[in-house]
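Grab a pencil and have the viewer open. Here are some short exercises, each with a solution worked out step by step.

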Amino acid sequence: MKTDNALRKTLKKQPVGPSYGFANNVMRQILLESERIGRRNYYRSLVLVSVVSAGLISGSLYAMSFFLHFSVTGFLQRLIAPFRQMHFHPEGSGQLFLLEFSVFLAAIILLLLALDHFIRKRFGKL
Amino acid sequence: MEKREEQELIQSILNGETRAFTVLLERFQRPVYSMIYQIAGNAQDAEELTQDVFLKAFRSLGTFRGGSALSTWLYRIAWNTAVSHTRKKRMEYPDVEDGLLAAIPDDKVDDLLDTDEGEAKMQRLESAVALLQPQEKMLISLFYNEEKSLAEIASVLEISVENAKVRLHRTRKKLVYLYNEHAYENR
């Protein structure tokens, strides 16, 4: 095969590039697309975190009610009981219950933070 | 652009520096457009398709693993975009039997494609190129305009290197056939 100069020259005769302003138009589209992708990723991560959180809370409640004989309705009644009485008792069983409840909430928050850290590390920047 | 530079550029785009995509665009807009123009046949379609190619490239940049050169990856997107356009438009091309091509001697092919004998011949050759099938146009565009190796061309067109070599040989002969038999009909 020789250099095929005639064919090379014919192919070079075709328009060399797109019209003026083409790159700007494409970059505008790319920036819009980038924003769209960013928004989509944000909503995806929001849904993911919500679903995982709901799952963890449900799982915790399930485990507590079956393995620790924890009653959700009883728990809620005990939770609102101090507010029903409209009295503040700094001592006694009410204070102990609030301490337990605070530890429970703190544990869930720590668990969710750990999960958030794991997801960010596993799937990159969300 | 070296492979390391390519990787750094891609990483910065993926890390949110979207404006870095301009470098890619400036570097490849001309060859991508030129290739697509060969297949689409008009400037308007070529520009729209080139825009599609860069948008697709941006969306799927995260899937580029660096197994091939960035240009090869981008040309593959361009090829797929252009070929799907020709299918949508139901573009038709003359088919030439292998027997007719086999009868054309190699020295005749070399003479025709190598010797530049003035404007009339060039115009006729241009008409012959326009009658080639999309894959043949892509093949000669990559080989002669972009000076890509047969291995890279094979990777873009997703065929074997041997197949790319055979097709290039066949395309050169087909150009001679079309030059002699059809080129003026298309003008």
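The exercises below deal with a predicted model, so keep that in mind as you go.

**Exercise 1. Work out which residues of helix α1 of chain A are buried, and what covers them.**

Step 1. Start with chain A as a whole: it has four helices and zero strands, and 18% of its 126 residues count as buried.

Step 2. Now go to α1 (residues 5–12) of chain A, where the buried residues are A:Ala6, A:Leu7, A:Thr10 and A:Leu11. They span an arc of only 130° around the axis, so they sit on the same side of α1(A).

Step 3. Look at what lies over them. The cover includes α2 (21–40), α6 (106–114), α7 (119–130), α8 (134–145) and α10 (161–181), which belong to chain B.

**Exercise 2. Describe the contact between chain B and chain A.**

Step 1. Count residues: chain B puts in 42 and chain A puts in 30.

Step 2. Turn to area. About 3,500 Å² is buried between the two chains, with 63% of that coming from carbon and sulfur atoms. B:Asp114, B:Met122 and B:Tyr144 provide 17% of the area chain B buries against chain A, more than any other three residues.

Step 3. Add the polar side. There are three salt bridges between the chains and eleven residue pairs in polar contact. B:Arg59 and A:Glu33 form a salt bridge through their side chains, at 2.9 Å from N to O.

Step 4. Ask where chain B's residues come from. α2(B) gives the largest share of the side that touches chain A, ten residues. By class, that side holds 17 nonpolar, eleven polar and 14 charged residues.

**Exercise 3. Compare the settings of two salt bridges, B:Glu8 with B:Arg4 and B:Glu136 with B:Lys174.**

Step 1. Take B:Glu8 and B:Arg4, whose closest N and O atoms are 2.9 Å apart. Both lie in helix α1 (residues 3–14) of chain B, four residues apart, or about one turn.

Step 2. Check their accessibility: B:Glu8 is partly exposed at 46%, while B:Arg4, at 54%, counts as exposed because the cut-off is over 50%.

Step 3. Move on to B:Glu136 and B:Lys174, with closest N and O atoms 3.0 Å apart. B:Glu136 is in α8 of chain B and B:Lys174 in α10 of chain B, so this pair ties together parts 38 residues apart in sequence. Both residues are buried.

Notes: Residues are numbered from 1 along each chain as its sequence is written. Chains are lettered from A and ligands numbered from 1 in the order in which they are written. This is a predicted model: local features need pLDDT of at least 70, side-chain atom pairs count only at pLDDT 80 or more; totals for chains, interfaces and linings use all residues. Side-chain values use heavy atoms; hydrogens and water are left out. Buried means under 20% relative accessible area, exposed over 50%, partly exposed in between (1.4 Å probe, protein chains only). Helices (H or I, at least four residues) and strands (E, at least two) are DSSP runs, numbered from the N terminus. The arc is that of the directions from the helix axis to the C-beta atoms. Contact means heavy atoms within 4.5 Å. Buried area is the accessible area (1.4 Å probe) that two parts lose on being put together, summed over both. A salt bridge is a side-chain nitrogen of Lys or Arg within 4 Å of a carboxyl oxygen of Asp or Glu. A polar contact is a pair of N or O atoms within 3.5 Å; within protein, one must be able to donate a hydrogen and the other to accept it, and residues adjacent in sequence count only if both atoms are side-chain atoms. Ala, Val, Leu, Ile, Met, Phe, Trp, Tyr, Cys and Pro count as nonpolar, Asp, Glu, Lys and Arg as charged, and the others, Gly among them, as polar.
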